[in-house]
Amino acid sequence: MASTFFTWLRSPAAREYFFSTHFWGPVANWGLPLAALADLKKDEDVISGAMTTALASYSMVFMRFAWRVQPRNYLLFACHATNATAQTVQGGRFINYWYMGGREKAQSDKDIVAK
C-alpha cells in the first residue's frame, strides 16, 4: 500500500493534483476550522450567534459541493465537516449561555469566587 502511494506521488498525476485548486483551495480554507476549534476555548459571551449560524450553514453547503463535484474533493469535504462540527458546538454553547441559564450560572460562579 505504501509503495503504491509513493509510486503515485512520483507520477505526473500527483504533480497535477498538488498544483491544482482541487488541492490548494481546501488547504487555504483550513484556516476557518482551525480558528473555530481555537474559539471553543473562549468565553461564551463573545460568541456571535449570527456569525456562527452563517459559518455552519456555509460549511454545510460546501460539504455538499465537495461531495458532488467530480472527482470528489475529500480534502475540502473534511475541512468543511470540521468547521460545521465546530460551529455547531459553538452554536450550542451560545444557546446554552444566552437562553438556557448559562449566563446566570457564570455570573453566580463569579460572585462566589469574589466572596
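This is a short talk on the fold of one protein and on a few of its residues.

The model is predicted: local features need pLDDT of at least 70, side-chain atom pairs count only at pLDDT 80 or more, and totals for chains, interfaces and linings use all residues. Residues are numbered from 1 along each chain as its sequence is written, and side-chain values use heavy atoms, with hydrogens and water left out.

I'll start with the overall fold. The protein has seven helices and zero strands. Helices here are DSSP runs of H or I with at least four residues, strands are runs of E with at least two, and the numbering goes from the N terminus. Read from that end, the order of elements is α-α-α-α-α-α-α. The radius of gyration is 20 Å, well over the 13 Å that the globule rule gives for 115 residues, so the protein is more spread out than a compact globule. That radius is taken over C-alpha atoms, and the globule rule is 2.2 Å times the number of residues to the power 0.38. Along the principal axes, the C-alpha trace spans about 65 × 25 × 20 Å.

Next, surface and contacts. About 8200 Å² of the protein is accessible surface, and 66% of that belongs to carbon and sulfur atoms. These areas come from the Shrake-Rupley method with a 1.4 Å probe, and for residues only the protein chains shown count as cover. Of the 115 residues, 25% count as buried. Buried means under 20% relative accessible area, exposed means over 50%, and partly exposed is in between, with a 1.4 Å probe and protein chains only. A contact means heavy atoms within 4.5 Å. Among contacts between residues at least 6 apart in sequence, 71% join residues at least 24 apart.

On charge, the mean positions of the 12 positive and 8 negative charges are 12 Å apart. Lys and Arg count as positive, Asp and Glu as negative, while His and the chain ends are not counted. Each charge is placed at NZ of Lys, CZ of Arg, CG of Asp or CD of Glu.

Now the residues, beginning with helix H4, which covers 31-39. Pro33 is in that helix. Is Pro33 buried or exposed? Pro33 has a relative accessible area of 1%, so it is buried. Its C-alpha is 4.3 Å from that of Asn83, although the two are 50 residues apart in sequence. Beyond four places in sequence, Pro33 touches Cys79, Thr82 and Asn83.

After H4 there is a loop leading to H5, and Val46 sits in it. Val46 has 57% relative accessibility and therefore counts as exposed. The C-alpha atoms of Val46 and Phe94 are 8.9 Å apart, with their positions 48 residues apart along the chain.

Helix H5 runs over 49-68, and I have two residues from it. Thr52 is in H5 and is buried, at 8% relative accessible area. The Thr52 side chain makes a polar contact with the backbone oxygen of Ser48 at 2.8 Å. A polar contact is a pair of N or O atoms within 3.5 Å; within protein, one must be able to donate a hydrogen and the other to accept it, and residues adjacent in sequence count only if both atoms are side-chain atoms. Outside four places in sequence, Thr52 contacts Ile47, Gln87, Gln90 and Gly91.

Met63 is also in H5. At 19% relative accessibility, Met63 counts as buried. Its contacts, again leaving aside neighbours within four places, are Phe77, His80, Ala81 and Ala84. Gln90, 27 residues from Met63 along the chain, has its C-alpha 18 Å from that of Met63.

Then the loop between H5 and H6. Pro71 is in this loop. What kind of peptide bond joins Gln70 and Pro71? The bond is cis, with omega about -5°.

Asn73 lies in the loop between H5 and H6, where H6 covers 74-99. Asn73 counts as buried, at 6% relative accessibility. Its side chain reaches the backbone nitrogen of Leu76 at 3.1 Å. Not counting residues up to four places away, Asn73 touches His22, Pro26 and Ala66.

Last is helix H7, residues 102-114, which holds Ser108. Ser108 is partly exposed, with a relative accessible area of 33%. A polar atom of the Ser108 side chain lies 2.9 Å from the backbone oxygen of Lys105.
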